[in-house]
Amino acid sequence: MSILEIWLLAVSLAIDCFTVSVTSGIILHRIQWGNTLKMAFFFGLFQALMPLLGWFGASRFNHLIEAYDHWIAFGLLCFLGVRMIRAHFQSEETCCFDPTRLRVILTMAIATSIDALAVGISFAFTGFKTIQSLTTPLFIIGLASFLLSIVGNLIGVFFGKRFHLRVEIFGGLVLIGIGVKILIEHLF
């Protein structure tokens, strides 16, 4: 794989992270650098770790992972999406969806990186024979997700401030939509 192909792959994997970050930024209405960097860090980390796990497990667990990965991503994203939609109908004080909570960030990071697991499986069958050969692709995948998450969050904050909307319904539908997209791509 050329560096250009790796960057294209990394950006395509990072699109889900970008979308979720935009939604989180809209909900937050203001830049919170600590939370933005924390979310970006975990999105980048999981996007880089999942291909490594997929590569390790390709020989033994390929049939198990491939059969259920799309259902796991779909379930996690729908769960988060429904929680976001529920949050819209609750008062600000009792809101249950908080994109700054570590548990929520980790769930979103796992859900958006399930596809990267499949990429790692494909790495095992396309000439990446050693961990050293994976170093550059994993770094680029993690970096792209990290950077696009930051950009997405900033864009979301900009729109959240500009329009002063509580957009939990939109954000929830986006998360559910990403889950449905992942499910459809794997089923058909």
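## Salt bridges

A salt bridge here is a side-chain nitrogen of Lys or Arg within 4 Å of a carboxyl oxygen of Asp or Glu. In this predicted model, the side chains of E185 and K181 meet that definition, with an N to O distance of 3.7 Å. Both residues belong to helix 5, where E185 and K181 are four residues apart, or about one turn of the helix. E185 is partly exposed, because its relative accessible area is 46%.

By this rule the count comes to two salt bridges. The other pair is D16 with K181, whose closest N and O atoms are 3.9 Å apart. This pair links distant parts of the chain, since D16 lies in helix 1 and K181 in helix 5, 165 residues apart. D16 counts as buried because its relative accessibility is 7%, whereas K181, with a relative accessible area of 36%, is partly exposed. Together, D16, K181 and E185 are linked in a network of salt bridges.

## Overall fold

The protein has five helices and zero strands. Read from the N terminus, its elements run α-α-α-α-α. Of its 188 residues, 49% count as buried.

The accessible surface of the protein comes to about 9,400 Å². Carbon and sulfur atoms account for 72% of that surface. Among contacts between residues at least 6 apart in sequence, 90% join residues that are at least 24 apart.

## Packing of helix 1 and helix 3

Two packed helices are described by the angle between their axes and the distance between the axes. Helix 1, residues 3–28, packs with helix 3, residues 102–124, at an angle of about 175 degrees, and the two axes are 10 Å apart. Helix 1 is therefore roughly antiparallel to helix 3, the cut-off for that term being an angle over 145 degrees.

Which residues in helix 1 and helix 3 meet? On the helix 1 side they are L9, L13, D16, C17, V20 and S24. On the helix 3 side they are M108, T112, D115, A116, V119 and F123. D16 thus appears both in this set of contacting residues and in the salt bridge with K181.

## The loop residue H29

H29 is found in the loop between helix 1 and helix 2. Its phi is positive, at about 65 degrees, although H29 is not a glycine. H29 counts as partly exposed because its relative accessibility is 27%, a value that falls between the 20% and 50% limits for buried and exposed.

## Buried positions in helix 2 and helix 4

T36 has its place in helix 2. Is T36 buried or exposed? With a relative accessible area of 2%, T36 is buried. Leaving aside its neighbours within four places in sequence, T36 is in contact with I150 and N153.

P137 is in helix 4, which covers residues 131–163. P137 counts as buried, because its relative accessibility is 2%. Not counting residues up to four places away in sequence, P137 touches I6, F123 and F128. F123 is also one of the helix 3 residues that meet helix 1. The C-alpha atoms of P137 and L52 are separated by 10.0 Å, and these two residues are 85 residues apart along the chain.

## Nonpolar surface patch

Y68, W71, I72, V180, I184, L187 and F188 make a nonpolar surface patch of about 770 Å². Which helices each supply at least two residues of this patch? They are helix 2, spanning 33–88, and helix 5, spanning 168–187.

Y68 is one of the patch residues and lies in helix 2. Y68 counts as exposed because its relative accessibility is 52%, and the limit for that term is over 50%. Helix 5 thus supplies residues to the patch and also holds K181 and E185 of the salt bridges.

Terms used: Residues numbered from 1 in each chain as written. Predicted model: local features only at pLDDT ≥ 70, side-chain atom pairs only at ≥ 80, totals over all residues. Heavy atoms only, no water. Patch = residues over 30% accessible without salt bridge, like charges linked within 9 Å, V, L, I, M, F, W, Y side chains within 5 Å. Areas by Shrake-Rupley, 256 points an atom, 1.4 Å probe, with all protein chains shown as cover. Buried < 20%, exposed > 50% of the residue type's maximum accessible area, 1.4 Å probe, protein only. Axes fitted to C-alpha atoms, helices over the stretch in contact; angles between N-to-C directions. Parallel < 35°, antiparallel > 145°, perpendicular 65-115°, else oblique. Contact = heavy atoms within 4.5 Å.
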